[in-house]
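Notebook open, coffee at hand. Today I want to look up how the chains meet and where the aromatic rings gather.

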Amino acid sequence: MQAFLDRLIAQGYFRGVPTQVVYALGIVLAAALVIFVFVLIMAGVTTFIERRVWARIQSRVGPNRVGPQGAVQWLADGLKLLMKEDLVPVEADPRLFRLAPYVVVIGFLATFVVVPFSSRLIVADLNVGILYLTSVSSLVVLGILMAGWSSNNKWSLFGGIRAAAQIVSYEIPAALSIFPVILITGTLSMQSIIQAQGWAPWDWFVFHNPFTFLASLLLYTALLAEGNRTPFDLPEADTELVAGFVTEYSGTRYMFFFLVEWGNLYVISAIMVTLFLGGWQVPPVTDNAVVLNLLQFLVFFLKAYFGVLIAMWIRATLPRIRVDQLMTTCWKYLVPLSFLNLIGTAVWVVLFPNGSSVMEALMTLIGFGLVGYFVHRVRFHLRRSRAELTWSPFA
Amino acid sequence: MSLAGYEVEVQQVGDGGLRTEEMTLNMGPQHPSTHGVLRFVVKADGEVMREAIPDVGYLHRSIEKISEKVGYHGFMPYTDRVDYVAAMFCNQGWAMVCEKLAGLAVPKRAEYCRVIAAELNRISSHLVSVGTMVLDIGAITPFFHAFREREKINDLLEELCGARLTYNYMRIGGVAWDLPPGFVERTLAFLDRFEPMLDEFDDLVSVNKIYVERCANVGVVSPEAAINYNLVGPNLRGSGIRYDVRRDEPYSVYPELEFNVPVATGELGTVGDSYARYWVRMREMEESARIVRQCFKQMPDGPVIAKVPRKFKPPAGDAYIRLESARGDMGWYAVSDGTEYPYRCKVRTGSFSAMSIIDKISRGLMLADLVTLIASLDVVAPEVDR
């Protein structure tokens, strides 16, 4: 990289620009490219995996024609959307209409600046990391509102207004549920928060005390709502609002909205993993920095993808809530509970400045007990409906 | 002010002169949750609806008029299209009204075949209803589970009459074919699996907190309103009125069968809300399964069709019959002038009266509740217009 830039400088491409600036720009450009490609592939693959997971839950086969087991279906879909005509309705506001998808994509991609991948792999470990993340992700609302308003379609308008109300409201419990972790660590930097945790489950903040456990659940709920996922997918509620704010979009611009929707899933889970699930922490198995970083990347990615899978599972299971119930859930339950968490954690930090190992062990046990109970229930239902699961539509 | 060329009257609200206007929304005929081609003109104040005026007629195919040109036997396939989700009942209705016109007696085995086919069709129709209702409320999976079960019923009915949707199974004086070999065993095997699946459906949906919150106390139809607006079938029983044509004005072999008529009790929510109508349909599927099992036990041997002349000429006169279709009390009226062709035919369907009450009970509901309401009333577009 540096050698390449040096050659360019030697050939006189950046006359009058300080070398450091060239280096910095080069690194930023490279990072942006890497992140963008990562996001494109990840969001694409997520659409495919989501469809297959749904199909499994719904006794269907799912896409299995393009590539082995349909693995490149997402590529075919993307190409199809790219080749579609880009329509702008006559009555729409053409400038805002064209701009909206880019605002959404920018707001979404900007979050990746502080999303950590491993102990070294992070674009910028800002000292206001988590604050920056919650701020830039609000740009998405602006884009959605622009899309809804500029389409000049009443259903789109409904979608846009719903999205604005919903995302702005759910920012509050989301932020309040992040605070307990900040109280414990005393830092806003993503990497420092992860470093304050350990690789073992009992070192994770989710099991730090009862309040952080509750905070993690609240945060996941609130982030699902911010990402317009079921049961909070009101802005694009297909059975009520046709397609919400994307009703009038087609082709590439439509694809951008969906890129953000599925990419957001990863961001949601990455926030959860960073704050509560130990981030990229792995046991110290090797001194080789490259291997260690790869291992950390793998651990972080798997943890984050587990969150993505849970979101898919929720979407396949739960109905959608109504718009007044959405607000009730937020303001009457989530916000007071988040405040309770905040106060509880503050008291806890004063009482046990270094954390209580008894409570950590107890919380870990309870957590594993819940997982065990869940597995037991799944096995119960599997036994009951085995005949249905083995039923094949082709038999 | 002018909006797209139309002058719109704008109300002045408050001292500051903040101008507000109701938003007129056009919902349908191409809208994902109108189940076919229904149209509603919705006046919305934000998310709250002031009124939703149904606009019917997009699926009118003059089916009743066609009967006057194709004759009694020839009209049977057209009756499938009256309500293609539950076509068996329309077949049965036309057969019954012709038999009443001509005073024909139907063989016992044919009556049992009719009841078996009709009750299987009732299960599949209710599965469509509850499946799409859950889909409209936003859950995707239960819809597929319901349609998976319906697919098996379609397979069974395909064995019976060669068609999966428009059956054309019944004939004037009986049914077209006897049960195929092995049909009884396969149907019983299906029912053995289906009844536990209903329990699972209950676990997945009926007690789901979000689902109950979305349906309970939404679109409450009082018993008086239900009677005044002529609601029938599960919609009427959802309002707490125990009326079922199969029980109160028995036809066919229903007097010989034992079954309950489920009526909403309002355990979750109130009697007459969307959840009650959904609940009644769930319970009716269990009863239908019970009826089919009894039919297989009680079925006598014998012919499945009476001797009916190819040129069917009932004596001049008229006849009206009613039967309990999947959407409730269905009436068939036919007038004969003694020729090969009916003079007039008229179908009275449940969906049409269900449409008429939407205007009344949708006032003040949220936009999302309108979708729930339409789905819970189980309005099937072709049945509205015929």
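**Entry 1: the contact between the chains**

I count residues as being in contact when their heavy atoms lie within 4.5 Å. I am working from a predicted model, so I keep that in mind throughout. How many residues does each chain bring to the contact? Chain B gives 40 residues and chain A gives 33.

Next I looked up the area. Interface size is often quoted as the accessible area lost when the parts come together. Here chain B and chain A bury about 3,300 Å² between them, and 62% of that is on carbon and sulfur atoms. I then asked which three residues of chain B supply more of its buried area against chain A than any other three. They are B:E47, B:R148 and B:I210, with 16% of the area that chain B buries there.

**Entry 2: polar links across the contact**

I found two salt bridges between chain B and chain A. One of them joins the side chains of B:D369 and A:R322, at 3.0 Å from N to O. Nine residue pairs are in polar contact between the two chains, counting pairs with both residues at pLDDT 80 or more. I also noted which elements of chain B each supply at least two residues to the side touching chain A: strand 5 (23–27), helix 4 (108–137), helix 5 (141–161), helix 6 (183–206), helix 7 (209–215) and helix 13 (367–376).

**Entry 3: aromatic pairs**

My search of the whole structure gave 36 aromatic pairs over all chains. In one of them, A:F297 with A:F301, the ring centres are 6.0 Å apart and the planes are at 25 degrees, so I log the pair as stacked. Both residues sit in helix 12 (residues 289–317) of chain A, four residues apart, or about one turn of the helix. Are they buried or exposed? A:F297 is partly exposed at 26% relative accessibility, and A:F301 is partly exposed at 24%.

Over in chain B, I logged B:F75 and B:Y78 as stacked too, because their planes are at 20 degrees, with ring centres 6.3 Å apart. B:F75 is buried at 0% relative accessibility, whereas B:Y78 is partly exposed at 33%.

Back in chain A, I traced one aromatic cluster: A:F38, A:F108, A:F112, A:F117, A:Y266, A:F297, A:F301 and A:Y305.

**Entry 4: charges over rings**

Which residue lies over the face of B:F147? That is B:R150, at 5.4 Å from the ring centre. I also found the charged end of B:R171 over the ring of B:W177, 5.8 Å from its centre.

Definitions and conventions:
Residues numbered from 1 in each chain as written. Chains lettered and ligands numbered in written order. Predicted model: local features only at pLDDT ≥ 70, side-chain atom pairs only at ≥ 80, totals over all residues. Heavy atoms only, no water. Phe/Tyr/Trp six-rings, centres within 6.5 Å; stacked < 30°, edge-to-face > 60°. Buried < 20%, exposed > 50% of the residue type's maximum accessible area, 1.4 Å probe, protein only. Lys NZ or Arg CZ within 6 Å of the ring centre and 35° of its normal. Buried area = accessible area lost by both parts, 1.4 Å probe. Salt bridge = Lys/Arg side-chain N within 4 Å of Asp/Glu carboxyl O. Polar contact = N/O pair within 3.5 Å; in protein donor to acceptor, adjacent residues only side chain to side chain.
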